[in-house]
Amino acid sequence: MIEDYLKCFSKLRTDTSPTRWQATTNYRAPYKPFLLLAVMDLIAQGIIQTNFIEFSADLIDIFDLYWDRVMGQEKASNPVLPFFHLHRDRFWHLVPVPGKEQVLADMPQIRSIGPLRQLVLGVTLDGALFEMLLDKGSRDDLRRVLIETYFAPEVRPKLVELGQISAQSFQYSLELLGRSKRRFKLRESREGRDRYHTVSRSTAFRRVVVKAYDFTCAMCRIRVFAPEGQAAVVAAHIVPWSESYNDDPRNGMALCRLHHWTLDQGLVSVTPDYWIEVSPVVPTDEEGAKPLLSLTGCALLLPAERTLWPAHKALKWHWKNVFCAEAPTHLW
Ligand SMILES: [Zn+2]
């Protein structure tokens, strides 16, 4: 009966404190409602199709979208907490890693991704609840209960909008993957940029590009995650979006913050056969510049999927218009 789950969703065990939590969340911790909204978004988009929920990059991404837009930067997002603690609400069942059943049963709290991955494979929901979540009408009813119970009236429209932004971001991800199979265009039309909300666009571009590089910096190959699960890399446009309106994954690469900045500043660029070139303006006699200089002649990390490799046209544009080459070169 959906009434049982509407009641469950309205009575989640959450931390309540007028000093720790703000009026917009009715002075309650919003971790669990945000995670359940994110799960519903993934079910609605067909990303979760069976009754097994993993602590995936998509789940973290959508949880963070809700958190950042409603809570701001005052409190750090942490999707690990509700992923573990929801098991106290009866309908959320942790699936232990084989052999770790007792350790997990004795664990009072998990706050970071390391122990979560060591002990938990994923989550199953009550079968009846999962069936309801597959149905749009029931899903909307359950979503409404979360929004009306845990959020003040003035932020409820924002949560509805975030649900739409999340859905649009998945549609745009699919569109970008489709675009990557067609001929590459350096610039997209200005009109195209207004079809999606800016946040949907950036979320989709990041999702597609960062996954293509398996969360690894294409230059230094760093692959690390915050304790709460967020990857260190971002999705960089090769030809800036303001110049090209182009979110084609072939106009992107996953880079750590430092190498994103060096690419944007023209201190590094990439040759037609995907070797990294460091600008001659970087001093060779400074100890502190050596980590950057050591990238010279290193191969760029490329996605496993050939259709997602950076486009030559985009790299050429970067070389000619952004790279501080000083002396003209004949590589392009
Ligand atoms: Zn890097």
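# Tour of a predicted model

Helix H9 and helix H10 are oblique to each other. The model is a predicted one, and the tour begins at this helix pair.

**Stop 1: H9 and H10**

Select residues 156–179 for H9 and residues 198–212 for H10. At what angle do H9 and H10 pack? The angle is about 50°, with the axes 8 Å apart. An angle of about 50° falls outside the range under 35 degrees that counts as roughly parallel and outside the 65 to 115 that counts as roughly perpendicular, so the pair is called oblique. The crossing of these two helices is right-handed.

Now show the side chains at the contact. From H9, select Ile165, Gln168, Ser169, Tyr172, Ser173, Leu176 and Leu177. From H10, select Val199, Ser200, Arg201, Thr203, Ala204, Phe205, Arg207 and Val208. Coloured by class, this contact shows eight nonpolar, five polar and two charged residues.

**Stop 2: the whole chain**

Zoom out. The chain has 332 residues, of which 38% are buried. Its secondary structure amounts to 14 helices and six strands. Measured off by its principal axes, the C-alpha trace spans about 70 × 45 × 40 Å. Of the contacts between residues at least 6 apart in sequence, 70% link residues at least 24 apart.

**Stop 3: the two domains**

Colour residues 2–166 as domain 1 and residues 188–321 as domain 2, following the domain assignment. How far apart are the C-alpha centres of domain 1 and domain 2? They are separated by 32 Å. To the contact between them, domain 1 gives 13 residues and domain 2 gives eleven. On the domain 1 side, select helix H3, residues 57–71: with five residues, H3 supplies the largest share of the side that touches domain 2. By class, that side of domain 1 holds eight nonpolar, three polar and two charged residues.

**Stop 4: H3 against H9**

Keep H3 selected and bring back H9. The two pack at an angle of about 145°, and their axes are 11 Å apart. H3 passes H9 in a right-handed crossing. Which residues of H3 meet H9? They are Ile62, Leu65, Tyr66, Arg69 and Val70, and the partners in H9 are Lys158, Leu162 and Ser166. Five residues of this contact are nonpolar, one is polar and two are charged.

**Stop 5: Lys158**

Centre the view on Lys158, which sits in helix H9. Is Lys158 buried or exposed? It has 16 other C-beta atoms within 10 Å; buried needs 20 or more and exposed 12 or fewer, so Lys158 counts as partly exposed. Setting aside neighbours within four places in sequence, Lys158 is in contact with Arg69 and Val70. Both of these residues belong to the H3 side of the contact with H9. For a distance across the model, pick the C-alpha atoms of Lys158 and Leu292: they are 42 Å apart, with the two positions 134 residues apart along the chain.

**Stop 6: H2 against H3**

Return to H3 and add helix H2, residues 31–44. The axes of H2 and H3 come within 9 Å and cross at roughly 125°. That angle makes H2 oblique to H3. H2 passes H3 in a right-handed crossing.

Show Phe34, Leu35, Leu37, Ala38, Asp41 and Leu42 on H2. Opposite them on H3, show Asp58, Leu59, Ile62, Phe63, Tyr66 and Trp67. The contact of H2 with H3 has ten nonpolar, no polar and two charged residues. Two residues of H3 deserve a label here: Ile62 and Tyr66 meet H2, and Ile62 and Tyr66 are also listed in the contact with H9.

**Stop 7: the loop before H2**

Finish in the loop between helix H1, residues 2–10, and H2, where Asn26 is found. What is the phi of Asn26? It is near 55°, a positive value in a residue other than glycine. Asn26 is partly exposed, as 16 other C-beta atoms lie within 10 Å.

Step on to Tyr27, which is found in the loop between H1 and H2. Tyr27 also has a positive phi, about 60°, although it is not a glycine. With 16 C-beta neighbours inside 10 Å, Tyr27 counts as partly exposed.

Conventions. Residues numbered from 1 in each chain as written. Predicted model: local features only at pLDDT ≥ 70, side-chain atom pairs only at ≥ 80, totals over all residues. Helix = DSSP H or I, 4+ residues; strand = E, 2+ residues; numbered from the N terminus. Contact = placed C-beta atoms within 7 Å. Domains from an automatic or database assignment. Nonpolar A, V, L, I, M, F, W, Y, C, P; charged D, E, K, R; others polar. Axes fitted to C-alpha atoms, helices over the stretch in contact; angles between N-to-C directions. Parallel < 35°, antiparallel > 145°, perpendicular 65-115°, else oblique. Left-handed = near helix turned anticlockwise from the far one by under 90°.
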